[in-house]
Amino acid sequence: MEGVEKEVIRLRNVSKHYPMGDSIVKALNHLELKVFEGEFVAIMGPSGSGKSTAMNLVGSLDMPTHGSIHLDGRDISELSESDLAQVRGKKIGFIFQSFNLIPNLTVKENVMLPMMFQGTSIGEREDKAEELLKLVELYDRMDHYPGEISGGQMQRVAIARSLANDPEVILADEPTGNLDTKTGTIVMDFLDKLNKEGKTVIMVTHDPDLAKDYADVIYWLRDGGLEKVTKRVGKRFADVTKKKKKEVKSNGGR
Ligand SMILES: Nc1ncnc2c1ncn2[C@@H]1O[C@H](COP(=O)(O)OP(=O)(O)OP(=O)(O)O)[C@@H](O)[C@H]1O
Ligand SMILES: [Mg+2]
């Protein structure tokens, strides 16, 4: 994207610590992350490195212990709980690793659910849900329950649901983690299409090939911190990690 880039999400020096008995689990430590409108961002790193924690903070499902999070330039800690819920519901669509569909609601009712909290009328909710289920090619399954469809279909319902409020940003935590390669490719191509239509996509993945095939920028996490940032330059990825001004000397003794 040329010209002035609009920053949609910014994490500034964000840490998330969980007190556990006498000790503290440092799930995230001093993380800096910037996402521009229309970008496809991948977050990679080993299990336990803080990827889901980072996603939950980006999506303001959780609050940081230290640091600040900005959505469209606004510090979210300055919003009231209800304003934040409103902004989040409208701006961000979530696709969770485990789908998180409500088992006793039909496919269509699951897709309608996020619109309820935005005050959309029932008629509009039904129309939008049907339109989205057509988009993910599940119109003929809309009256089924989640237990009556396949894993790949569940993931497509989750995608349809994430689009219910026409969000600008889609957060996907391991969107293909539970899928076979072929179904995974269908889901990825769908995310790719949404990104090409202008949506910002932030995806967590364990799979470096997936990140390299689809992402513009890759954030590599390790032990709750940023290991490096790589950015697509043509067909390759270049290291664009910002070096800290003050390098911490490792045991200076000699
Ligand atoms: N609610 C919590 N209470 C205490 N510790 C937590 C909590 N949530 C996460 N952690 C810890 O924080 C660290 C980061 O967890 P997180 O779920 O972000 O990892 P992840 O990178 O998403 O891993 P995975 O690839 O396995 O999903 C882990 O060590 C985890 O045990
Ligand atoms: Mg995780």
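What follows is a chat between a colleague and a modeller about how parts of this predicted model get their labels.

Colleague: Let's begin with Val111. Where does Val111 sit, and why does it count as buried?

Modeller: Val111 is found in helix H3. A residue is called buried when 20 or more other C-beta atoms lie within 10 Å of its own. Val111 has 30 such neighbours inside 10 Å, so it counts as buried. From Val111 to Ser82, C-alpha to C-alpha, there are 22 Å in space, and the two are 29 residues apart in sequence.

Colleague: And Ser60, what makes that one buried?

Modeller: Ser60 has 20 C-beta neighbours inside 10 Å, so Ser60 counts as buried. The cut-off says 20 or more. You'll find Ser60 in the loop between H1 and S4.

Colleague: What is there to say about phi of Ser60?

Modeller: Phi of Ser60 is near 50 degrees, and that is a positive value in a residue other than glycine. Asp223 is another non-glycine residue with a positive phi, near 50 degrees. Asp223 lies in the loop between strand S9 (217-222) and S10.

Colleague: Why is Asp223 called partly exposed?

Modeller: Buried needs 20 or more neighbours, exposed needs 12 or fewer, and partly exposed is in between. Asp223 has 14 C-beta neighbours inside 10 Å, so the label is partly exposed. His66 gets that label because it has 13 neighbours inside 10 Å.

Colleague: Where is His66 in the chain, and how far is its C-alpha atom from that of Ser15?

Modeller: His66 is found in strand S4 (residues 66-71). Its C-alpha atom is separated from that of Ser15 by 5.1 Å, though the two residues are 51 apart along the chain.

Colleague: On to the sheets. What is the strand order in the four-stranded one, and what makes S2 and S5 edge strands?

Modeller: The order is S2-S1-S4-S5, the sheet is open and the pairing is antiparallel. S2 and strand S5 (74-75) each have a single partner strand, so one side of each is left without a neighbour in the sheet.

Colleague: How do you know that S4 and S5 pair?

Modeller: Pairing takes at least two bridges between two strands. S4 and S5 are joined by two bridges, and they run antiparallel. His70 has Asp75 in S5 as its bridge partner.

Colleague: What about the sheet of seven strands, which strands are at its edges?

Modeller: That open sheet runs S6-S7-S8-S3-S9-S10-S11, with mixed pairing. S6 and strand S11 (236-239) are the edge strands, since each pairs on one side only. On average, neighbouring strands here are turned by 20 degrees against each other, direction ignored.

Colleague: What shows that the pairing is mixed?

Modeller: Look at both ends of the order. S6 and strand S7 (residues 169-173) pair in the parallel sense over four bridges, and Ile95 stands opposite Ala172 in S7. Strand S10 (residues 225-233) and S11 pair in the antiparallel sense, over four bridges. There, Thr230 stands opposite Asp239 in S11.

Colleague: Which way do the residues of S6 point?

Modeller: From strand S6 (residues 92-95), Ile92 and Phe94 point one way, Gly93 and Ile95 point the other way, and all are buried.

Colleague: Now the helices. Why is H3 called roughly parallel to H5?

Modeller: Helix H3 (residues 107-116) and helix H5 (residues 151-162) pack at an angle of about 30 degrees, with axes 8 Å apart. Roughly parallel means an angle under 35 degrees, so H3 is roughly parallel to H5. Their crossing is right-handed.

Colleague: And what makes H3 oblique to H4?

Modeller: The axes of H3 and helix H4 (residues 122-135) cross at roughly 125 degrees and come within 9 Å. Roughly perpendicular covers 65 to 115 degrees and roughly antiparallel needs over 145. The angle fits neither of these, so H3 is oblique to H4. The crossing of H3 and H4 is right-handed.

Colleague: Last one: which residues surround ligand 1, and how do they divide by type?

Modeller: Among them are Tyr18, Met20, Val25, Ala27, Lys51 and Thr53. Strand S1 (7-20), strand S2 (23-36) and helix H1 (51-58) each give two or more residues to the shell. H1 provides the largest share, three residues. By type, the shell has four nonpolar, seven polar and one charged.

Technical notes:
Residues numbered from 1 in each chain as written. Chains lettered and ligands numbered in written order. Predicted model: local features only at pLDDT ≥ 70, side-chain atom pairs only at ≥ 80, totals over all residues. Near = placed C-beta within 6 Å. Nonpolar A, V, L, I, M, F, W, Y, C, P; charged D, E, K, R; others polar. Axes fitted to C-alpha atoms, helices over the stretch in contact; angles between N-to-C directions. Left-handed = near helix turned anticlockwise from the far one by under 90°.
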